Amino acid sequence: EDLLKTLDKIGKSEWVTVLFIGDENQNYRKTFFCALVNSERVKQSLENHGWDINFTETGRPGFVSYYDKEEEVIEYQRNSANGIEHLVYWRDFPGIDERHFELSEEFRLFHNLYEKDNKFYYFDDNGDQDLTAIISDNEVRIKLKYLKQYISARNMSLALFFEFMCYSERSLKELGVSPLDKVVEEEEIIYSQLIRDYNFRDARKSQGWILGKKIIRGIKDYKPSIWGNENRKYEDFIIGIDENGSELYHTCDEDYLANNFGQNPKSPHYLTSVYFRKEVLAKYYANPTDYEVDDGIIRRNGFWTLRLDNNHPDYVVVFLGDLGELLHKEQIYWRSFNFYSEEGLSRATWERSFEGKFSDPNEADLYFKYAFNRFQEKWLEKFGWYLFNPLEKEDMHHFKTLHIPLNENQKEFDEQILSLTKIIIDSLNEKKLKTEITVKLKERAKGIDKFQAFLDSNKLRFPDMIQFLRDLQTLRSSGSAHRKGSKYVKAKEKFKISGDNYITVFSEILEEAITLVNTLEEYFIKQKSQKKN
């Protein structure tokens with residue numbers, strides 16, 4: 001009776017169990033299996049409560065033979081005949097005593113599923129992964145959404161077979177239960193219900209079962225998305241204010257925007273500036289494996305790019321039409337940070353977008369990355385080695401996510417200080433510097449000491465540069481790397497940290513770092529090249 005109540009839920013929840021093998025030794029056991037059934041075969045399948053296929057049928061391709069006009073004909077058959085196909089395969093191999101389940105290759109290829117540890121993931125156009133199917137030792141489950149899409153595309157249905165078995169060590173008379181043997185036929189379901197006495201070899205004396213199948217149909221009026229954008233949705237963004245100061249909204253759908261070719265002349269232009277709080281970037285900085293924030297662009301690796309103006313200290317700007325290139329769920333994320341401003345674009349973005357100029361970035365974090373990479377390339381070309389060792393793969397996120405704090409947050413400030421010190425202090429090429437030093441090196445000299453000795457060896461005196469590196473190292477050691485104490489108090493005083501000026505302080509630190517690499521480039525690369533010429 002309890003099991004009968006579950007029949008209606010089968011195939012209607014988020015996950016569908018398409019294979020389940022119960023324990024043979026228990027007094028209660030349930031088993032699931034399934035098959036793909038073509039449209040012509042569904043009616044026939046519902047005429048009998050028996051399973052159309054079972055575990056023993058391999059579903060493998062092979063040969064079949066039949067006679068035509070008394071002559072044997074042998075044909076290759078790629079899957080089960082008579083409109084029945086496997087969705088799940090239970091495979092076995094000689095001498096290997098273990099269960100081995102596989103999902104249909106066509107199902108996996110249809111959704112382009114990525115497999116890891118018997119879990120299958122679907123990647124949408126936004127690059128987000130969704131767990132689609134799970135294979136365990138005794139069970140295979142598929143998310144209903146992906147199952148429905150597949151059978152709809154194939155114009156097939158899924159026959160979900162079930163067997164619920166109960167045993168008792170008492171007879172029906174002892175249980176006070178009447179015997180029963182009937183077949184129940186309802187819409188899209190048929191099953192046999194049996195209750196009987198039965199003399200088993202063990203102590204069990206009675207048995208009850210529900211054995212049958214349920215048909216799961218595809219999506220009604222299913223329309224495949226051939227080009228991937230037929231069902232796109234578009235969010236409305238704030239683009240201005242009316243005469244009463246109320247916010248004005250407009251869709252980011254390019255089809256409803258004006259352009260330079262006369263389209264929708266009364267609508268906002270594709271290049272309308274839309275403003276966002278800086279915090280919108282937090283999601284992307286927090287996931288450097290998936291996203292990369294660069295000067296004027298965000299990349300979702302392998303999936304999408306978004307052009308933007310991130311060269312302003314107070315906000316981020318995106319053109320209205322470019323927002324329409326994002327999937328709707330990404331647009332919704334951006335919409336939550338949307339506000340109206342009349343400030344305009346940064347100098348760099350204006351020059352690049354409307355004057356056709358190559359313009360250096362404005363913001364200190366973006367410019368530092370630009371200047372640092374340029375310096376590294378020129379130093380390597382000039383001397384054949386790096387002054388700052390390139391970060392290992394596991395540390396590259398420190399460079400990729402280096403940024404001016406998005407708000408006055410101690411945690412984010414500490415993280416950025418840690419990243420900057422890894423890039424310019426911990427990465428000093430001590431091994432190579434030591435070979436270039438001609439002055440006496442003090443005992444137990446470390447990175448900054450060796451760097452200073454290297455400068456002395458080249459008859460260069462940059463006391464402010466060296467002091468900046470030592471102060472930065474102290475700030476990292478006393479604040480980011482260890483518990484904060486008296487040393488951190490002194491470091492705060494040195495950098496004039498008040499607790500509500502982290503953005504300003506880190507911007508100034510980055511400007512010092514920019515001065516460092518620019519000064520080294522000037523003296524070691526430009527001037528030496530001029531002297532050589």
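Which residues of helix H15 (residues 486–495) are buried? Keep that in mind as you start the tour, and remember that what you have open is a predicted model.

**Stop one: helix H15.** Select residues 486–495 and pick out Tyr488, Ala491 and Phe495: these are the buried residues of H15. Now turn the view until you look down the helix axis. The buried residues fall within an arc of 55°, so they line one face of H15. Swing round to the other side of H15 and you'll meet Ser486, Lys490 and Glu493, which are exposed. Before you leave, click on Lys496, which follows H15 and has a positive phi, near 60°.

**Stop two: helix H3.** Next, select residues 144–153, which make up H3. Buried here are Leu144, Tyr146, Leu147, Tyr150, Ile151 and Ser152. Then go to Asn155, just after H3: its phi is positive too, at about 55°.

**Stop three: strand S1 and its partners.** Jump to residues 15–21, strand S1. This strand is mostly covered, with seven of its seven residues buried. Add residues 139–143 to your selection to bring in strand S11, which runs antiparallel to S1 and is joined to it by five bridges. To see how the two strands line up, show Thr17 and look for Arg141 in S11 standing opposite.

Now bring in strand S2, residues 28–38. S1 and S2 also pair in the antiparallel sense, here over two bridges. Which residue in S2 is the bridge partner of Phe20? Show Phe32 and you have found that partner.

Key
Residues are numbered from 1 along each chain as its sequence is written. This is a predicted model: local features need pLDDT of at least 70, side-chain atom pairs count only at pLDDT 80 or more; totals for chains, interfaces and linings use all residues. Side-chain values use heavy atoms; hydrogens and water are left out. Buried means under 20% relative accessible area, exposed over 50%, partly exposed in between (1.4 Å probe, protein chains only). Helices (H or I, at least four residues) and strands (E, at least two) are DSSP runs, numbered from the N terminus. The arc is that of the directions from the helix axis to the C-beta atoms. Two strands pair if DSSP finds at least two bridges between them.
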